[in-house]
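Thanks for coming, everyone. I'll put the structure on the screen, and then we'll walk through a few places in it.

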Amino acid sequence: QNLELFIKENHLNINDNILVQVFTSQNDRNYILHLISNILNNLPNAKIIGSTTCGEISNNGSLDNSTVISFSKFSQTTLETKLIKYDKSSFTTGQNFIKMFNNSDDLKLLISFTDGLNTNGEEFLNGITSINDKLVISGGMAGDNSKFEDTFVFTQDEITSKGAVGVALYNKDLNIHTDYSFNWETVGKKHIIEKSVKNRVYQISGMSTVEFYKYYLGDDIGKLLPAIGIEFPLVIKRDGLNIARAVLAKHDDGSLSFAGNIEEGSEVQFGHGDVQMIINKGLENVKEIIEHPIESIFIYSCMARKALLKEDINLEILPLKELAPISGFFTYGEFYHNCKNNNCNNQLLNQTMTVLAISENDKKVEKVTPNIFSHNPEDVDDISLHRTQAFSSLIDKTTKELEELNHNLEERISDEVAKNQEKDAILQVVQTQAQLGEMLEMIIHQWRQPLSAITSTASSTQVYQETGLLTDTLLDKTLDDILSYSSHLNTTIEDFRDLFQIDNSANTISLIKLIEKSLTIITPLIKSESIEVIKEFDSDAKISLPIGLFMQVILNITKNAIDILVEKKVKNPKIKFKTYIKSDYIVIKIMDNGGGIPKDILPKVFDKKFTTKGDTHGTGIGLDMSKTIIETKIGGKIKVHNVKEWAVFNIKIPI
């Protein structure tokens, strides 16, 4: 009855040229077929295309668990709808799909929806473009409320869970404007895609793709794949755009399928949503669209934006309704017509809001309603916005610090390689790319836990605030915790700076503090291998030596001990540190219970041409360089021997 009343009040007649777009959260074939039947009973000549969703968009803003029906009545435009079921590949499906339409000069626009789980959206667009490279394509990939089980697309005639639908708009004078908003920040270092086949990625930076996500997001978050992957996309730069690729499926072999292709050799970074930037870009879109003829606006936006912004998603989409009626849905991937420097193409985007504005006349919006910028986020005192900004700033700053450290180390490598000869090659070898990689991985291990703790603490506080349970005492505790975690971050970065200090002159430091500083860096690796550390400190004398160089010696011997304990799968693995004074020397012993060093190898361990790790696995400064540092730079002595199952490195530093 409501449908009949709507049709009557809006003067929609049987003979009108009407496009109906249906966006529904009801992921039920029978419900959809019944809905189509109801529409056709009232408007038997209507052209219908529709999709299941992860949320719906109307003049009321973002909706959940609803069905939005959008009616567009054309006077000068001819409409043609088609449905195609998946055929061999997404590329050939796209080719065969566009061949179903009349590709005349009047074909101006194709609005298309594909299923969200089986079709490779990028290959589908490439297939269409291989036949018609001038066509403007808009739309997106169907959703199923983030369940990743089944999605549907349909026309007035048919429905499918594996294929595509579309409506072709024939009118060479039809005014079309497309825009998009991304504003996902990139986080962390760049990673190389080492093995992929189209949209299925097998290996990134030496890890399976699933392990890669677990490593950086944590095991608990990794278990939520593929659902969590859409909120942490991989970002690549292509044709001048930052393009996100969201996870759609997880496979038993450790690979992940993404919404679009990621070629081997591509550089990718994790993406992180910045709420303030996203909302501001939405207002910029409004200012841009005002300059174009507009009668109707269709919005196809990524479900990840909705998941990130929650109710604040309306701050991005509602200003558009002040220009023209809006409708659309939240997708698993968006189709965008990109034109840069007269080079136009159709691309699959993720994490993006795409906007399609159309008009059959040249009339622009004459008068902007005063409400259009009433949703300006600067006027909104929302604690979640400020918290997200703070977290984004924290990530941005820490990422820049790591990049700066990386840059400085690379410069030092270049300088030292240029000026050092083999007889004075300590720093040349110390600062190899291999050790740089190891140290940066240790930094990442060290920083991940406090960063995660800061995020968890802030999120918990938000929940308490939203539920009215936030007290001054709880807030004070939260702030104290965040300050504590931040202090730990500051301490660890100072330890790394000491490790890589350029000035190798002697400095006075407590012996125990020096050992503890070294262990701070490698502790995450020790814990990850469940190795027990035993400390027997009988002396805490003050010593004067090059702190960074001596830390490298301790790290090198300790890392070798970890490697042998892991390689031999030693039960109850232990590393012991002992300090004491004997005669005029401070003695430091570093021991591991890995079975000792074989007798035939023992005399060779300090030989720089000898290694047990092979050509591709030797990293760090090497035991030969450790010996040179101790005996040449510090004036001490270093020896190694076995005591039963223990390998014992004995370092003597003159008092």
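Start just past helix 14. The residue there is Ser530, and its phi is positive, near 55 degrees. Keep in mind that this is a predicted model.

Now back up into the helix itself. Helix 14 covers residues 511–528, which makes 18 residues. From first C-alpha to last, helix 14 reaches 26 Å, close to the 26 Å expected at 1.5 Å a residue. There is a bend, though. Where does the kink in helix 14 lie? Look at Ile522: the kink there is about 55 degrees, and the proline Pro524 follows shortly after.

Which residues of helix 14 are buried? Towards the start of the list we have Leu511, Leu514 and Ile515, among others. Further on, the buried set includes Ile521, Ile522, Pro524 and Ile526. So both Ile522, where the kink lies, and the proline Pro524 are among the buried residues. Lys517 and Ser518 are on that list too.

Next, the sheet. Six strands form an open sheet with mixed pairing. The order is 4-3-22-21-25-12. At the edges sit strand 4, residues 61–63, and strand 12, residues 175–181, each pairing on one side only. From one strand to the next, the twist averages 20 degrees.

Take the strand 12 edge. Strand 12 pairs with strand 25, residues 353–359, in the antiparallel sense, and seven bridges join them. For a landmark, find Asn175: the bridge partner in strand 25 is Ser359.

Now a hairpin. Strand 18 is residues 247–250, and strand 19 is residues 256–258. They run antiparallel, with three bridges between them. Val247 stands opposite Phe258. Five residues separate the two strands of the hairpin, and Gly254 takes a positive phi there, near 90 degrees.

Stay at that hairpin, and bring in the charges. What does Asp253 meet in a salt bridge? The partner is Arg200, at 3.1 Å from N to O. Arg200 lies in strand 14, residues 200–204, and Asp253 in the loop between strand 18 and strand 19, so the pair ties together parts 53 residues apart in sequence. Arg200 is partly exposed at 24% relative accessibility. Asp253 is also partly exposed, at 45%.

How many salt bridges does the count come to? The number is 15. Here are two others to look at.

One is Lys85 with Glu158, where the closest N and O atoms are 3.7 Å apart. This pair links distant parts of the chain, 73 residues apart. Lys85 is in strand 6, residues 78–85, while Glu158 is in the loop between strand 9 and strand 10. Both ends are partly exposed: Lys85 has a relative accessible area of 48%, and Glu158 has 34%.

The other is Arg305 with Glu316, at 2.7 Å from N to O. Arg305 lies in helix 8, residues 303–309, and Glu316 in helix 9, residues 314–317, so two parts 11 residues apart in sequence are tied together. Buried or exposed? Arg305 is buried, with a relative accessible area of 0%. Glu316 is buried as well, at 0%. Elsewhere, salt bridges with shared partners join Glu536, Lys576 and Lys578 into one network.

Last topic: the rings. Searching the whole structure gives 19 aromatic pairs. Take Phe6 and Phe71. Their ring centres are 5.2 Å apart and their planes are at 35 degrees, so the pair is tilted. Phe6 is in helix 1, residues 2–9, and Phe71 is in strand 5, residues 67–74; that links parts of the chain 65 residues apart. Phe6 is partly exposed, with a relative accessible area of 35%.

Then Tyr213 and Phe270. The centres are 5.3 Å apart and the planes at 90 degrees, so this pair is edge-to-face. Tyr213 lies in helix 5, residues 209–217, and Phe270 in strand 20, residues 267–273, so the pair ties together parts 57 residues apart in sequence. Both Tyr213 and Phe270 are buried.

Which residues do ring pairs link into a cluster along with Tyr213 and Phe270? They are Phe212, Tyr215 and Tyr216. That's my tour.

Note on methods
Residues are numbered from 1 along each chain as its sequence is written. This is a predicted model: local features need pLDDT of at least 70, side-chain atom pairs count only at pLDDT 80 or more; totals for chains, interfaces and linings use all residues. Side-chain values use heavy atoms; hydrogens and water are left out. Two strands pair if DSSP finds at least two bridges between them. Helices (H or I, at least four residues) and strands (E, at least two) are DSSP runs, numbered from the N terminus. Axes are lines fitted to C-alpha atoms, for helices over the stretch in contact, and angles run from 0 to 180 degrees between N-to-C directions. The expected span of a helix is 1.5 Å times one less than its number of residues. The bend at a residue is the angle between axes fitted to the seven residues ending there and the seven starting there. Buried means under 20% relative accessible area, exposed over 50%, partly exposed in between (1.4 Å probe, protein chains only). A salt bridge is a side-chain nitrogen of Lys or Arg within 4 Å of a carboxyl oxygen of Asp or Glu. Rings of Phe, Tyr and Trp (its six-membered ring) pair if their centres lie within 6.5 Å; planes under 30 degrees apart count as stacked, over 60 as edge-to-face and the rest as tilted.
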